[in-house]
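User: I'm new to this one and would like to learn how to read it. Could you walk me through a few features?

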Amino acid sequence: SSSREHGVAATPRHWPPPRPRPSSAAMAAGAPKWLLAAFPGYQWQKVQRCELKVRPQGGAGLQFEATEFGYLIEGVENDAGQEACLQSGSSVISINDVPLMGLDEDALNETFGNHFRDGAKVVVLSSGELQKASEQANGQGHIAHVPLGCQCTAELRSGLSRDLDEFSRRSGVLAELCGAESSESATIVLAGTRDKVCAARSELGALLSYHKRTSGAPETGAAEDESATVEVAGTVMRSLPARNRRKRAAPEVDPDEEENAANDSSAKGDDDGSGPAEKVAKVGSGLEPEMPEQHQYEYMDHTADVILHSWGTTLNEAIGQVCVAFFSYMTELEKIELETSFEVEAKGHDMLDMIYHLLDEFLFHFGTEFIMCRRVDILEFDPDNFSIRARGFGEKFDLAKHPQGTEIKAITMHQMKILTPETLTTEEGVIPRTSDLMEGGSVREGFPYECYVLVDI
């Protein structure tokens, strides 16, 4: 992370330091609720609060370094006039009741800048205590910031705050609305253990969508975002912002090509005995795709990551489509020719673990052989023993031919779920599927099977 200065170089030397105000940095009655939720059980020793002093022409006289906890104070100018708690080695973790923890550097700069003014209220902790708390939590403490995406009117704030209390109780995380009522940059902060925050992040979209529709609050940034919003299985899906991200659906394949692919599926070659992960064949050698191409997937936005969401008439189909979504995110599949194919196998201790290992096999194969798959067929699937065999069809990735999208670095188990007509499977187990959004939601018409997989980009 790079340093960020607030008025250090521009401070006029003749500007006299202000008189010290009565200290407001006395010990706080307690740590912020979101801090307690992110680090449950930790006993905070010295949470301090004070007001930031910002001079008309000299700024705050502080030098900051962006960190995972907020802004680490690296230097304080002698005549800055700041209170004693704003000293080198301390970290500013919130400003005007908006947490800074959990933001990347760009978002941290923007959030802090939106509230940076004389008299802004900040919460300060020593960096040593923050590090100790993080180590005690074993990296499981997590905070996510979800932009509200509209002006936070009084009506919206009132209704949403009530429902967020119930949402917190059901999801097991703290959900708080942060930002002034008239602020266009208001956010909802989720705090708790990493797995529960990730799961709650997925479910929060439907609640926000409902309140924005019923309150009539004007959207912010509407001119820049013309993409549609789709509600699927209790989760609001929207197309992702531009930064070389993949399109949500590829153009339709020519019907004649689909028919030829289906007619050729009757011919199959013999196993060469080299093992599933090494079995590669040229298309045309008797290992053609068994089904016409399909594009039944979308992407769900997520802080720093993306969720692959697929659906199908069968579970086999939904699993195959989430694999196609994996490759589609990294390039435009319509530019991929069906020149070669290869097989992968995966097993797991449960259904989620099996899908994780299946996608991880495709990721490993892409990382070593650079073959980008335009389609994936599920050849064998044993749901009782959690084993699966699949074949990918495509060609070697070539920058001169194929557009480079966003690289997927890793598959994760966070927020993964599988929906069938009767059940919802998550990391917490299998429960009956109901119309309740927290329990899978209504069945998607014509496609009762769905998969959600969070990937690291």
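User: Let's go straight to strand pairing. Which residue is the bridge partner of I378 in strand 18?

Analyst: That's A390. Keep in mind that this is a predicted model. The bridge belongs to a longer pairing: strand 17 and strand 18 run antiparallel to each other over 10 bridges. Between the two strands of this hairpin sit four residues, and F386 has a positive phi near 55° there.

User: Is strand 17 largely enclosed or largely open?

Analyst: Largely enclosed by the rest of the structure, because nine of its 12 residues are buried.

User: What should I look for when I hunt for a core?

Analyst: Start with the general idea: in soluble globular proteins, nonpolar side chains tend to be buried together. Here, the largest nonpolar core has 45 residues, and I319, F326, F327, I355, L358 and F362 have the most contacts inside it. Several elements supply at least two residues each, among them helix 7 (315-328), helix 8, strand 17 (371-382) and strand 18. There's also a second, separate core of 21 residues, which includes A31, W34, L125 and A191.

User: Which residues does F326 touch, leaving out those up to four places away in sequence?

Analyst: F326 touches L308, L359, F362, L363, I408 and I411.

User: Now the rings. How do I describe a pair of them?

Analyst: You give the distance of the centres and the angle of the planes. This structure holds 12 aromatic pairs. Take F366 and F397: their centres are 6.5 Å apart with 75° between the planes, and that makes the pair edge-to-face. The pair links distant parts of the chain, with F366 in helix 8 (residues 351-369) and F397 in the loop between strand 18 (387-396) and strand 19 (410-411), 31 residues apart.

User: Are F366 and F397 buried or exposed?

Analyst: F366 has a relative accessible area of 15%, so F366 is buried. F397 comes out at 21%, which means partly exposed, as the cut-off for buried is under 20%.

User: Which residues do ring pairs link into a cluster?

Analyst: F64, Y71, F112 and F116.

User: And charges over rings: what sits over Y452, and what lies over W311?

Analyst: Over the ring of Y452 you'll find the charged end of K417, 4.6 Å from the ring's centre. For W311, look for R444, which lies over the face at 3.7 Å from the ring centre.

Key:
Residues numbered from 1 in each chain as written. Predicted model: local features only at pLDDT ≥ 70, side-chain atom pairs only at ≥ 80, totals over all residues. Heavy atoms only, no water. Phe/Tyr/Trp six-rings, centres within 6.5 Å; stacked < 30°, edge-to-face > 60°. Buried < 20%, exposed > 50% of the residue type's maximum accessible area, 1.4 Å probe, protein only. Lys NZ or Arg CZ within 6 Å of the ring centre and 35° of its normal. Core = buried A, V, L, I, M, F, W, Y, C linked by side-chain atoms within 4.5 Å. Contact = heavy atoms within 4.5 Å. Pairing = 2+ DSSP bridges.
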